[in-house]
Amino acid sequence: MTEIDIFNDRYEHVGTDTKKQAHHHGLWHRTFSALALNPSRRRVMLQKKAPGRYSFDRPDYADITVGGHYHAGEDVEDGVREVHEELGLPVSYDQLHPIGLRQTAVTLAPDYIEREFQHWHLLPVDVGLEDIPLADVEVSGLVDLDVDDAVALAAGDADTVPARFASRVEDGGLRHSDGTLSRAELVPNYLALDQLYLRLFVAARRYCTGERGHLFW
């Protein structure tokens, strides 16, 4: 099993362990996260995860586009491999826009405790939903929505918004369809607490208007 770096709560490196043990014992570790957006079309994309990825039941939420754990010894920039693995897009780290570090701790199940230093990025991609191959079988689909609708949904100003979906089908291909995304389909903890969805969507909207400096969420 892949080893990951372990830290104390001040982000000082203290050793390595497996991802399973880190979550079982609530050890501090770091992760890579990115919200994909298409600036020219003013769209953002969320990810649907395949079932069975956790040791506990988890609803099929529309989660952040890309996320994963750093391997032991990796630098922050090396996290871009998650984009390659999950979306199948040839992206280099200098194409990303870092927007900050989120330190979070939450118990999701008795044997699954998240204590993470999350390195967050905006991921500008000038492609449509149909052009994303979804390389990772652990990703069941993507949700594409207007950035203003995303802000309204996260802020609680709308209960549902129009969305376009890419969903994996039995033969391994993707089916594209139009529909709606509801507020209830977003990760509840990302709506409450520090309003992660809202902060990310606002940062994405500012990026779409041409802002580049101090997009800290």
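Arg30 has its bridge partner in strand S8: Phe117. The model is predicted. Arg30 belongs to strand S3, which spans residues 29-38. S3 and S8 run parallel, and nine bridges join them.

S8 also pairs with strand S7 (residues 97-109). Here the sense is antiparallel, and the pairing extends over 11 bridges. Ala109 stands opposite Tyr112 of S8. The connection from S7 to S8 is a hairpin of two residues.

How enclosed is strand S8 by the rest of the structure? Of its 13 residues (112-124), 12 are buried, so the strand is largely enclosed. Buried here means a relative accessible area under 20%.

**Salt bridges**

The structure contains 14 salt bridges. Three of them are listed here, each with its N to O distance.

| Salt bridge | Distance (N to O) |
|---|---|
| Arg43 and Asp144 | 2.8 Å |
| Asp148 and Arg205 | 3.2 Å |
| Arg199 and Asp194 | 3.3 Å |

Take Arg43 and Asp144, whose side chains meet at 2.8 Å. Which parts of the structure does this pair tie together? Arg43 sits in strand S4 (residues 43-49) and Asp144 in strand S9 (residues 139-146), so the salt bridge links parts that lie 101 residues apart in sequence. Arg43 is partly exposed, at 21% relative accessible area. Asp144 is buried, at 9%. The cut-off for buried is under 20%, so Asp144 falls below that limit with its 9%, while Arg43 does not, with its 21%.

Asp148 and Arg205 form a salt bridge at 3.2 Å. This one connects helices: Asp148 is in H3 (residues 147-155) and Arg205 is in H5 (residues 196-208), so parts 57 residues apart in sequence are tied together. Asp148 has a relative accessible area of 32% and is partly exposed. Arg205 is partly exposed too, at 30%.

The side chains of Arg199 and Asp194 meet at 3.3 Å. Are these two residues buried or partly exposed? Arg199 counts as partly exposed at 28% relative accessibility. Asp194 is also partly exposed, at 22%.

Salt bridges also form a network. Glu74, Arg81, Glu82 and Glu85 are its linked members.

**In brief**

Strand S8 pairs with S3 in the parallel sense and with S7 in the antiparallel sense. Its residues are buried in 12 of 13 cases. Among the salt bridges, Arg43 and Asp144 join strands S4 and S9, whereas Asp148 and Arg205 join helices H3 and H5.

Terms used
Residues are numbered from 1 along each chain as its sequence is written. This is a predicted model: local features need pLDDT of at least 70, side-chain atom pairs count only at pLDDT 80 or more; totals for chains, interfaces and linings use all residues. Side-chain values use heavy atoms; hydrogens and water are left out. Buried means under 20% relative accessible area, exposed over 50%, partly exposed in between (1.4 Å probe, protein chains only). Helices (H or I, at least four residues) and strands (E, at least two) are DSSP runs, numbered from the N terminus. Two strands pair if DSSP finds at least two bridges between them. A salt bridge is a side-chain nitrogen of Lys or Arg within 4 Å of a carboxyl oxygen of Asp or Glu.
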